[in-house]
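Student: Hi! I have a protein to look at for class, and I'm not sure where to begin. Can we go through it together?

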Amino acid sequence: MMNSDSMSRIASCNNKPMAVPTKEEEEDPPISTSLLSFDTDASCPSTSPKPPLTNVIFTALILVTCIALSAAIAFGFLFFSSSYSHPSQPISDVVSRPLKKLKRPVVLLISSDGFRFGYQYKTDVPNINRLIRNGTEAELGLIPVFPTLTFPNHYAIVTGLYPAYHGIINNFFLDPNTGEAFSMGSHDPKWWLGEPLWETVVNHGLKAATYFWPGSEVIKGGWTCPESLCMRYNGSVSFEERVDTVLNYFDLPTDEIPSFMTLYFEDPDHQGHKVGPDDPQITEAIARVDGMIGRLIRGLEEKGVFEDVNIIMVGDHGMVGTCDKKLIFLEDLAPWIEIPKDWIQSYSPLLSIRPPPSYSAKDVVTKMNEGLKSGKVQNGQYLKVYLKEELPARLHYSASDRIPPIIGLIDESFKVEQKSSKRKECGGSHGYDNAFFSMRTIFIAHGPQFARGSKVPSFENVQIYNLVTTILNIQGASNNGTASFPKTILLPSH
Ligand SMILES: [Zn+2]
């Protein structure tokens, strides 16, 4: 067991969200905002206070021409933007649309695990396309946090924190103070830092329901994981049953309808690992996920609430093909330094190494990089080893003592193993640097607070927490997202 001292030590060094610089200046405002701020005055000549008569007529003529021209330009702009960005909808997205049936906003957060950005073009996905067409999409996908693994990312989405701050720094890791192991089945709240959305929601007297999400079964703060609203993970429950259960929440008395719900599908991650991102099995998996979105939309329509619900569909990370030719073996580094198996906390795609305290981590890093750069280690040029403090700052992956001192960044689609074997297999993997495009996933949002047919620039998933609290109109906990981000995505209130 971990004593309270070490717990508070972890909490005090891990649970300090870092201020993220505002991105306001860099980002283009959404189309609706640019329409609102369309300025016709700039091109008009100014009128002087007491003009002579001829000047008055002349000025009036110029003014009329100017107004007519501005109107023509504005009309042209509206026409262009309606045909470009709003293919089938009238212009009605200057402000958020009022709720028709629900009493207050509801957010349904859906995760399709390993849904790499671009999979939506692999096959016909009429239902996902319906959400895209009438909603808001990150045009080039959603950027996961590093490491691009399932648990660190799902928990970043619901806390707005980078893994160094929310504590789930890998799918499996060891607590350096106690030696205890975290695994994906660990529900002890000591591992799970930060305040996930379901906790924020119930703290505000609203209801939350989770149909699977990493961390949702952890009893923490005001969240008790109630039997009827918090499903215990069981991968064998059919996707249909998951969708239907979420739909049933809308039959509850209005006051009891959860304001925040999660829905999780293991696909297409499952297939992606087995066969890589380009296999026909992925196409089938995508079509199946699309079918589930269709089932959900139909159900919501039957209940008359489809247009009232804010649906946010995301993935946790992408996927890239891996194959036997792209391997790096740690045993090949022996002439420079022996790296025994028990120093390794994870191999691929996140190489993390904790040498015993008697070794200098800096020395290990220097010797490993010497070997990797020597040209004598097979594929050595595709792995670079860092002290965690020296990793690129954009990865935000050092401020927790749970993160081992040595981290290796592996090039896209390469894998690190201890020693060579005769095993032959090709498949898919994720966990690499989040700068790789292959690690990107989707962000598709549809509902009263999202403009129809809008495309927004890519952003990191730590922004989603503030987006949800803004839609629900509740005060969130402090996090790594940017406070001003939601207004760059959401329609202003009606
Ligand atoms: Zn996976």
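Tutor: Happy to; we'll start with the whole chain and then look at some details. Keep in mind that this is a predicted model.

Student: OK, how many helices and strands does the protein chain have?

Tutor: There are 13 helices and 17 strands in the protein chain.

Student: And what share of the residues is buried?

Tutor: The protein chain has 494 residues, and 53% of them count as buried. What the chain exposes comes to about 21800 Å², with carbon and sulfur atoms supplying 56% of that area.

Student: What about contacts between residues at least 6 apart in sequence: what part of them joins residues at least 24 apart?

Tutor: That part is 75% in the protein chain.

Student: Changing topic: which residues coordinate the zinc ion?

Tutor: The zinc ion is coordinated by D269, H273 and H430. D269 appears twice, through OD atoms, while H273 and H430 each use NE2, and the distances run from 2.0 to 2.3 Å.

Student: What kind of geometry does the site have?

Tutor: The site of the zinc ion is irregular, with angles of 56 to 148° among its four donor atoms. A tetrahedral site would need all angles between 85 and 135 degrees, so this one doesn't qualify.

Student: How are those donor residues spaced in sequence?

Tutor: The pattern is D-x3-H-x156-H. H273 belongs to helix α9 (residues 269–275), whereas H430 lies in the loop between β15 (427–429) and β16 (443–446). These two histidines are 157 residues apart, and the pair links distant parts of the chain.

Student: Is H430 buried or exposed? And what about H273?

Tutor: H430 has a relative accessible area of 4%, so it is buried. H273 counts as partly exposed, because its relative accessibility is 33%.

Student: Next one: how many disulfides does the structure hold?

Tutor: It holds two disulfides. In general, a disulfide is a covalent bond between the sulfur atoms of two cysteines.

Student: Which cysteines are they?

Tutor: C225 and C230 make up one disulfide, with their sulfur atoms 1.9 Å apart. Another joins C323 to C426, at 1.7 Å from S to S.

Student: Where in the chain are C323 and C426?

Tutor: C323 is in the loop between β8 (320–322) and β9 (327–329), and C426 is in the loop between β14 (415–417) and β15. They are 103 residues apart, so this pair, too, links distant parts of the chain.

Student: What handedness does each link have?

Tutor: The link of C225 and C230 is left-handed, with -75° about the S-S bond. The link of C323 and C426 is right-handed, with 70°.

Student: Are these cysteines buried or exposed?

Tutor: C225 is buried, at 3% relative accessible area, and C230 is buried as well, at 1%. C323 is partly exposed at 27%, and C426 is partly exposed at 45%.

Student: Last topic: how many aromatic pairs are there?

Tutor: The count comes to 19. One of them is F173 with F182, a stacked pair with 4.8 Å centre to centre and 20° between the planes. Both F173 and F182 are buried.

Student: What sort of pair do F182 and W191 make?

Tutor: Their planes are at 65°, so the pair is edge-to-face, and the ring centres are 5.6 Å apart. W191 is buried, like F182.

Student: Which residues belong to the cluster of ring pairs?

Tutor: Ring pairs link F151, Y155, F173, F182, W191 and W192 into that cluster.

Definitions and conventions
Residues numbered from 1 in each chain as written. Predicted model: local features only at pLDDT ≥ 70, side-chain atom pairs only at ≥ 80, totals over all residues. Heavy atoms only, no water. Phe/Tyr/Trp six-rings, centres within 6.5 Å; stacked < 30°, edge-to-face > 60°. Buried < 20%, exposed > 50% of the residue type's maximum accessible area, 1.4 Å probe, protein only. Donors = N, O, S within 2.8 Å, 3.2 Å for Na, K, Ca; no water. Tetrahedral: all angles 85-135°; square planar, octahedral: opposite > 155°, others 65-115°. Helix = DSSP H or I, 4+ residues; strand = E, 2+ residues; numbered from the N terminus. Contact = heavy atoms within 4.5 Å. Areas by Shrake-Rupley, 256 points an atom, 1.4 Å probe, with all protein chains shown as cover. Disulfide = S-S within 2.5 Å.
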